[in-house]
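Please find below a colleague's note, written for a reader who is new to protein structures. It is best read with the sequence and the structure side by side.

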Amino acid sequence: MFFIGRCRVGYLYPTLFLCLYLTVYLLAMKKKIVIAITGASGAIYARLLLNKLQALNNQVAEVGVVMSDNAKQVWQLELDNDDYTNYPYKFYGKHDFMAPFASGSAKFDTMVIIPCSMGTLGRIASGVSDDLIARAADVILKERRKLILVARDTPFSLIHIRNMQTVTEAGGIICPAVPSFYSKPRTIEDVAATVVNRVIDLMGLESGGYRWGEE
């Protein structure tokens, strides 16, 4: 062992190896995420999730977004803007089957459909991959990765419930857009955030937020 300045060179290589290992490990831990936005009511949920992902970019490797035409109309109607164009993510057309997450080889590990219309749910449950959203969901399920559907409708018909059962049995997670109130939300955004925070948890990301039983 010898010294360069005050650095022990004998310890240099193990340290570099450890740094390299930690870098590779942290990169591997970052998630590649698909966000799909359908035309169901609840554009606020999609907006809040996209905002959260920007704040959690240290946990995210890549985000791809696909948005239906109806989703754009509902966003403008409910939020009075077209701010979805301002996010630093790549948006894909609903029939762009060249999008990377249209294939399992791209290794996107998480997909969230928020809000998820009952029509989209039905197409996924029946395996009809007629657009990029349904195809990407089919890929996530067949690759045994994480699919989260933020179902937004009320009441549910028996058809809806059976479709939810089918997707659940195939490995998907149905997370209805049902807010909670024990955190005492004060605004509409606070109420919607109770749903989005649960989605963030289901995605395996750490964002803080209210925890039952914690001060």
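The numbered points below take up pockets, salt bridges, buried and surface residues, and the backbone in turn.

1. Status of the model. The structure is a predicted model. The values in this note should be read with that origin in mind.

2. The largest pocket. Rolling a probe the size of a water molecule over the atoms shows where empty space is left. In this model the largest pocket has a volume of about 270 Å³. Its lining consists of 18 residues, and those nearest the centre of the pocket are S180, S183, T194, N197 and Y210. By character, the lining is made up of seven polar, six charged and five nonpolar residues.

3. The second largest pocket. The volume here is about 190 Å³. Among the residues that line this second largest pocket are T38, G39, S68, D69, N70, K94 and H95. Others in the lining include S117, T120, R123, D131 and I133. Two elements, α3 (69-79) and α4 (118-126), give two or more residues each to the lining of this pocket. The lining divides into seven polar residues, four charged ones and one nonpolar one.

4. The salt bridge between E62 and K32. The count of salt bridges in the model comes to nine. In one of them, the side chains of E62 and K32 meet with an N to O distance of 4.0 Å. Because E62 belongs to strand β4 (residues 60-67) and K32 to strand β3 (residues 31-37), this pair ties together parts that are 30 residues apart in sequence. E62 is partly exposed, at a relative accessible area of 32%, and K32 is also classed as partly exposed, at 23%.

5. The salt bridge between R211 and D201. The closest N and O atoms of this pair are 2.6 Å apart. D201 lies in helix α7 and R211 in the segment after α7 (188-203), so the salt bridge ties together parts that are 10 residues apart in sequence. R211 has a relative accessible area of 26% and is partly exposed; for D201 the value is 26%, which also makes D201 partly exposed.

6. A network of salt bridges. Which residues are linked in a network of salt bridges? They are K142, E143 and R145. Within this network, E143 and R145 form a salt bridge whose closest N and O atoms are 3.7 Å apart. E143 is partly exposed, with 30% relative accessibility, and R145 is partly exposed as well, with 22%.

7. Two buried leucines. Is L121, in helix α4, buried or exposed? A residue is called buried when its relative accessible area is under 20%; L121 has 1% and is therefore buried. The C-alpha atom of L121 is separated by 7.9 Å from that of L149, although the two residues are 28 residues apart along the chain. L147, in strand β7 (residues 146-151), is likewise buried, with a relative accessible area of 0%. Between the C-alpha atoms of L147 and T110 the separation is 6.0 Å, and these residues are 37 residues apart along the chain.

8. A nonpolar patch on the surface. F156, L158 and I161 form this patch, and their accessible area together is about 260 Å². I161 is found in helix α6 (residues 158-169). With a relative accessibility of 43%, I161 counts as partly exposed.

9. Backbone geometry. Most residues other than glycine have a negative phi, and most peptide bonds are trans. Against that background, four places deserve a second look. The peptide bond from I114 to P115 is cis, with omega near -10 degrees, and P115 lies in strand β6 (residues 110-116). T154 and P155 are also joined by a cis peptide bond, with omega about -10 degrees; P155 is placed in the loop between β7 and α6.

10. Positive phi values. D80 is not a glycine, yet its phi is positive, at about 60 degrees. D80 sits in the loop between α3 and β5 (90-92) and is exposed, with a relative accessible area of 68%. K107, another residue other than glycine, has a positive phi near 60 degrees. K107 belongs to the loop between β5 and β6 and counts as exposed, at 58% relative accessibility.

Notes:
Residues are numbered from 1 along each chain as its sequence is written. This is a predicted model: local features need pLDDT of at least 70, side-chain atom pairs count only at pLDDT 80 or more; totals for chains, interfaces and linings use all residues. Side-chain values use heavy atoms; hydrogens and water are left out. Patches are made of residues with over 30% relative accessible area and no salt bridge: like charges are joined within 9 Å, nonpolar side chains (Val, Leu, Ile, Met, Phe, Trp, Tyr) within 5 Å. Accessible areas come from the Shrake-Rupley method with a 1.4 Å probe; for residues, only the protein chains shown count as cover. Helices (H or I, at least four residues) and strands (E, at least two) are DSSP runs, numbered from the N terminus. Buried means under 20% relative accessible area, exposed over 50%, partly exposed in between (1.4 Å probe, protein chains only). On a 1 Å grid over the protein atoms alone, a cavity is a set of points where a 1.4 Å probe fits but cannot get out, and a pocket is an open set with protein on both sides within 12 Å along at least five of seven lines; lining residues have an atom within 4 Å of a point. Grid points are joined across faces, edges and corners, and a volume is the space filled by probe spheres set on the points. Ala, Val, Leu, Ile, Met, Phe, Trp, Tyr, Cys and Pro count as nonpolar, Asp, Glu, Lys and Arg as charged, and the others, Gly among them, as polar.
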